[in-house]
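Me: I should like to learn how to read the features of a structure that is new to me. Please take me through them one at a time.

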Amino acid sequence: MSLTRGTVYFTHSIFFFSDSCYNAYINNPFSNLFLNTLTMELFMIERFSVYSSCTLCHHRCGVDRTSGKLGRCRVPADLYIARAALHYWEEPCISGDCGSGTVFFSGCNLGCVFCQNHSIAKADIGRKVSVARLSEIFLELQAKGAANINLVTPTHYVPSIAEALKMAKTDGLTIPIVYNTGGYESVETLRLLDGLVDIYLPDFKYMDTRLSARYSHAPDYPEVAKAALAEMYRQVGDPKFLEPPANLDRETSDATLSADRDDEPNSLMKKGIIVRHLALPGCEDDSRAVLRYLYETYGDHIYISIMNQYTPLPHVAAYPELNRRITDEEYDRLTDYAVELGIENGFIQEGETAEESFIPEFDYEGV
Ligand code: SF4
């Protein structure tokens, strides 16, 4: 194999190897330094190629995000992040006692009208970071004691995230990786994460295409989410748990999510799937259909998290039916239904979870 400084042709684009890659080759073409540098540069070429005609999610916009054009997710190819910090309000087996190392990415490929993280979903907030900086952020969160790395709304950045994860794992990242998504994923994009992600944490928002069209502008959401979930299960399989670290005893708040299993209340998940369903006002029948589908398809091979924390924010004014929280009675009926179905691996929310205070401040902490 020979490498010269200069031009490389790859899927209709022209790229240059960097000086550092060239110098590493000149010094020793068989060194790990050269091979690692070359690998990273090939990842970069691949990433550039994907973003230049983006079909990362099922919207398949086909726009050139490397030239600043925007698709439905509203962000170019550069990584934008709003916050990277320990977060205590996920399911107990994700947050643990020490907190989940959440990284909130700007932009969103769904843009639901009721979004609870509206400001970052619209990409109004976000600081540009490099892939190398993202890799450092993962390691910094691990050093702070994070139970895992929790990638929040990552779909539109998968090639960059995969590259950053590979760099961080080479540099000592060992905690589980959580992929926290709205569920509107393409199977091809998920395959880029095979072997990199340990826990999938997707939403399953709707079974009714009229609801997915009205609230997420994605009439095909149910079918897309079903195929994505099948791929996630193929990759990570049944749930597996770690024993919690013995030296951590931070008390959990009354308002955290609670598992309905009490045999392993603080055990951290190390592999598996938790599917979240946010109960929306006026959508009780559809919520039941979601639970039925999940349980009839996956039984206790996945966990199901039934959430009551929906909070109407000012931007739902055009959807008056969404301008209220769900009542305790509605939530109780839904959780009773889950029990009737036979769901055992589940989480329900207790206490005053439907508060805006659960929406974190996007203040660039840790970015
Ligand atoms: S990731 Fe963004 S630009 Fe790419 S297909 Fe999805 S919405 Fe469109």
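The dialogue below goes through the ligand shell, a set of strands, two helices and some backbone angles.

Me: What should I know before I begin?

Reply: This is a predicted model, in which local features need pLDDT of at least 70 and side-chain atom pairs count only at pLDDT 80 or more, while totals for chains, interfaces and linings use all residues. Residues are numbered from 1 along each chain as its sequence is written.

Me: How many residues surround the ligand?

Reply: A residue is near a molecule if its C-beta atom, placed from the backbone, lies within 6 Å of it. Here 13 residues surround the ligand, and the closest are Cys54, Cys57, Cys61, Gly71 and Cys73.

Me: How do the residues of that shell divide into nonpolar, polar and charged?

Reply: Ala, Val, Leu, Ile, Met, Phe, Trp, Tyr, Cys and Pro count as nonpolar, Asp, Glu, Lys and Arg as charged, and the others, Gly among them, as polar. The shell around the ligand holds six nonpolar, five polar and two charged residues.

Me: Which strands are joined to strand S11 by bridges, and how do they run?

Reply: Helices (H or I, at least four residues) and strands (E, at least two) are DSSP runs, numbered from the N terminus. Two strands pair if DSSP finds at least two bridges between them. Strand S8 (residues 199-202) runs parallel to S11 and is joined to it by two bridges; Ile199 stands opposite Gly272 in S11. Strand S9 (residues 240-242) is antiparallel to S11, with three bridges, and Lys240 has Lys271 as its bridge partner in S11. Strand S12 (residues 303-307) runs parallel to S11, with five bridges; there, Tyr303 is the bridge partner of Ile274.

Me: Is S11 mostly covered or mostly exposed?

Reply: A residue is buried if 20 or more other C-beta atoms lie within 10 Å of its own, exposed if 12 or fewer, and partly exposed in between, with C-beta atoms placed from the backbone. Strand S11 (residues 268-278) is mostly covered, as nine of its 11 residues are buried.

Me: What do S11, helix H10 and S12 make?

Reply: A crossover is right-handed if, with the strands pointing away from the viewer, the path from the first strand over the helix to the second runs clockwise. S11, helix H10 (residues 284-298) and S12 make a right-handed β-α-β unit.

Me: How does the span of helix H9 agree with what is expected, and where do its buried residues lie?

Reply: The expected span of a helix is 1.5 Å times one less than its number of residues. H9 has 16 residues and reaches 22 Å from its first C-alpha to its last, close to the 22 Å expected. Its buried residues are Tyr221, Pro222, Val224, Ala225, Ala228, Leu229, Met232 and Val236. They cover an arc of only 155° around the axis (taken from the directions from the axis to the C-beta atoms), so they lie on the same side of H9. On the other side, Glu223 and Arg234 are exposed.

Me: What of helix H6: is it mostly covered or mostly exposed?

Reply: H6 is mostly covered, with 10 of its 13 residues buried. Just after H6, Gly172 takes a positive phi of about 115°.

Me: Which residues other than glycine have a positive phi?

Reply: Most residues other than glycine have a negative phi. Thr153 has a positive phi of about 55° and is found in the loop between strand S6 (149-152) and helix H6 (158-170). His217 also has a positive phi of about 55°, in the loop between helix H8 (209-216) and helix H9 (221-236). Thr153 counts as buried because it has 23 C-beta neighbours inside 10 Å, whereas His217, with 14, counts as partly exposed.
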